[in-house]
Amino acid sequence: MINTKLPFIWYGGDYNPEQWDREVWKEDIRLFKLANINIATVNVFSWSLLQPAEDRYDFSQLDEIINMLWNNGIYICLATSTASQPHWMSVKYKEVLPTDINGLKRSHGGRVNFCPNSKVYREFSKKLVEKLAEKYANHEAVLIWHIANEYGTYCYCENCEKAFREWLKKKYGTLEELNKRWYTTFWGQTFYDWDEISAPTLRNVLFHHWWTGKLSNVAQGMVLDYYRFMSESILECYLNEYNIIKKYNPNIPVTTNLMAVFKPLNYFEWAKHMDVVSWDSYPYITDDYISIAFRHSLMRGLKKGEPFMLMEQTPSQTNWQPYCYIKRPKVMRLLSYQAIAQGADTVMFFQLRQSRGGPEKFHGAIISHAGHENTRVFQEVKELGEELKNLGDKILDSKVKSQSAVLFDWENWWALENSQGPSTDINYAKGVEDYYRALYENQLGVDVIGIEDNFEKYKLISAPLLYMTKEEVARKIEDYVKNGGILITTTLSGIVDENDLVILGGYPGFLRKILGIWVEEFDALPPDMKNEIIIKDEFRKEFSEESYECNLVFDVIHLEGNEVKAIGVYKKDYYKGYPCVTVNKFGNGYSYYIGTFPSQKFLKELIKYIMKAHGIEPLFKDVPYGIEITQRVKNKKTFTFILNHTEEIKKINIGKGKKDLLSGRILEGEIKLHPREVLILEE
Ligand code: GLA
Ligand code: ZN
């Protein structure tokens, strides 16, 4: 349990009473109770109130807020406030402010607007957190700490440059080694002194790719190392605070709110230092339930399937999306249960009371500008609160069951998308999501795992676009397949090492033997210049069509060895008839290769075929699109979540009788699911 003090699904969210006067606070408490709220996240943006001047601290208002909540039985998620430093600090100590990628020194404003390598920032945040921890680390109301808020701003200032050089010295030891790894002989970029190394910004890159925004510095390894360095520098800010809190109370859980598919920070590395993963979910109107599921699975995967926190979601609208749609009736409830179904043990919102001013004044909140409980949103929140309260601790700590996984790797993401060529349309996260989707739609439970995770527990692993395949990862993959695993990988895999240097001797490098193929060259064409995958006769009966569209990248593949077969070949161009989808038997396992970007329909059917060929059973059969079924398991009990994401009545067969925890009904056989209905079946 995240914290045994509150053995319920935590329900509440960001609360900013400092924006209101005391009369409103009283009303807030009445409404929180009405809505069944049991936790409030406070102190997220209060640094300037806590420390009005360099030598003056004032915790009186925070004391009042915490006491008021606790006197009313509401627990606290306590933030440290360090996402937004006070004006006086930025004005007096200019080094606190970051320099952006254009080389522009920022002025004060907004949030997460500090240089992660600023000693002044680190010192001041340390002092603040020391005082906060001294006061509240052992406060009975505090369930968890929330460090800063949505970290992620990169800095390119002189301080960072200096720190980067030190980081590089540690990593490479000598300049000779660095020159070799960065391949600086290209375009005459040899370094003779550490001080010659600068941060890769738009001012110093020799060849900034003007239409893709890629930092195609001669040393692509340098750009890659800057990503690593920044992710680590920002992590140090987090740890700077984490360690203080732990000093005062080693048992209190500590987190910071992540953002799922967020490129700047290597969250797998971050999660090693987080007691529980928490994240903020703000889907766009165009994101379907599988895209949202992908993000939850990624967040769940950061800590190997441990329950995570839904730290923020909006009860209805955001204010910052291009089109701030309203969550339709029942959608907030549906998405809350989806988070739980995916492994969340909390349902929390931004925010509890809607702000009167500021950029987010139109952001949805539980208590709206109307100020009372007679709103659709409030009533829905209240009803959900009631239901969650009734679930008690039943589901808490149960683990999501998955037979398959997709591999996600931040360093690969950085390298692949910064690579100059072969195509500007390669989107790593989207590529992984496409494979996640294909597995998901075939009713395989899908985890998202990192390169350090255990592969052996999955029947099937998909590692799309694994452009950077480090040798040890290749070896892990090899063992996995040898021991009977099923691997699915794609074009642009196995191409470079950890420094973005090509693995010589034929693509896909270390994966060549496992896949039984040699990719001689890869063609890349604009998205609308498509080709087709023609299914070979031997496999024709497994697919609904004779051919399927594909685009973007087209590998020219040669088969190697006796165990490899082509499933599909190209329809046209000079590589007409060449294999584009292959399968190889390797050891006791099989490896599949898709040498292009196929239609989603093809991927779905391919996965279906693979499952059939290797006897992998889906969790559920005959599930229509829009119905999401997942399972969480604890102490031999299985909780099956069935969610109807559509606006229609759907039918589904659930087999033998089971109890629905939400309605108390016993259900059996074919049942009707109402629009946006949720069931939690207990077995
Ligand atoms: C983020 C932040 C919050 C708030 C919300 C608005 O998730 O953490 O402070 O700005 O976005 O959607
Ligand atoms: Zn900096």
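Helix H10, helix H14 (428-441) and strand E22 (627-634) each supply at least two residues of the lining of one internal space, the second largest cavity. The model is a predicted one, and this cavity holds about 50 Å³ of space. Its lining is made up of 14 residues, and those nearest its centre are Val400, Tyr440, Gly445, Val446 and Thr630. By class, the 14 residues divide into 6 nonpolar, 6 polar and 2 charged. The second largest cavity lies between domain 1 (10-154 + 228-313 + 331-355 + 376-394) and domain 3 (404-613), because both domains give residues to its lining.

Rolling a probe the size of a water molecule over the atoms shows where empty space is left. Across the whole structure, a search finds 6 cavities of 30 Å³ or more. The largest cavity has about 60 Å³ of space. Helix H10 (289-301) appears here too, since H10 and helix H11 (331-341) each supply at least two residues of the lining of the largest cavity. H11 gives the largest share, 3 residues. Among the lining residues are Ile292, His296, Leu335, Gln338 and Ala339. The lining of the largest cavity has 5 nonpolar, 4 polar and 1 charged residues.

The last stop is a set of paired strands. Strand E18 (residues 564-570) is largely enclosed by the rest of the structure, because 6 of its 7 residues are buried. E18 pairs with strand E16 (residues 531-535) in the antiparallel sense over 3 bridges, and Ile534 stands opposite Val569 in E18. E18 also pairs with strand E19 (residues 579-586), again in the antiparallel sense, over 5 bridges. In that pairing, Lys565 stands opposite Val583 in E19.

How values were computed. Residues are numbered from 1 along each chain as its sequence is written. Chains are lettered from A and ligands numbered from 1 in the order in which they are written. This is a predicted model: local features need pLDDT of at least 70, side-chain atom pairs count only at pLDDT 80 or more; totals for chains, interfaces and linings use all residues. Side-chain values use heavy atoms; hydrogens and water are left out. Buried means under 20% relative accessible area, exposed over 50%, partly exposed in between (1.4 Å probe, protein chains only). Helices (H or I, at least four residues) and strands (E, at least two) are DSSP runs, numbered from the N terminus. Two strands pair if DSSP finds at least two bridges between them. On a 1 Å grid over the protein atoms alone, a cavity is a set of points where a 1.4 Å probe fits but cannot get out, and a pocket is an open set with protein on both sides within 12 Å along at least five of seven lines; lining residues have an atom within 4 Å of a point. Grid points are joined across faces, edges and corners, and a volume is the space filled by probe spheres set on the points. Ala, Val, Leu, Ile, Met, Phe, Trp, Tyr, Cys and Pro count as nonpolar, Asp, Glu, Lys and Arg as charged, and the others, Gly among them, as polar. Domain bounds come from an automatic or database domain assignment.
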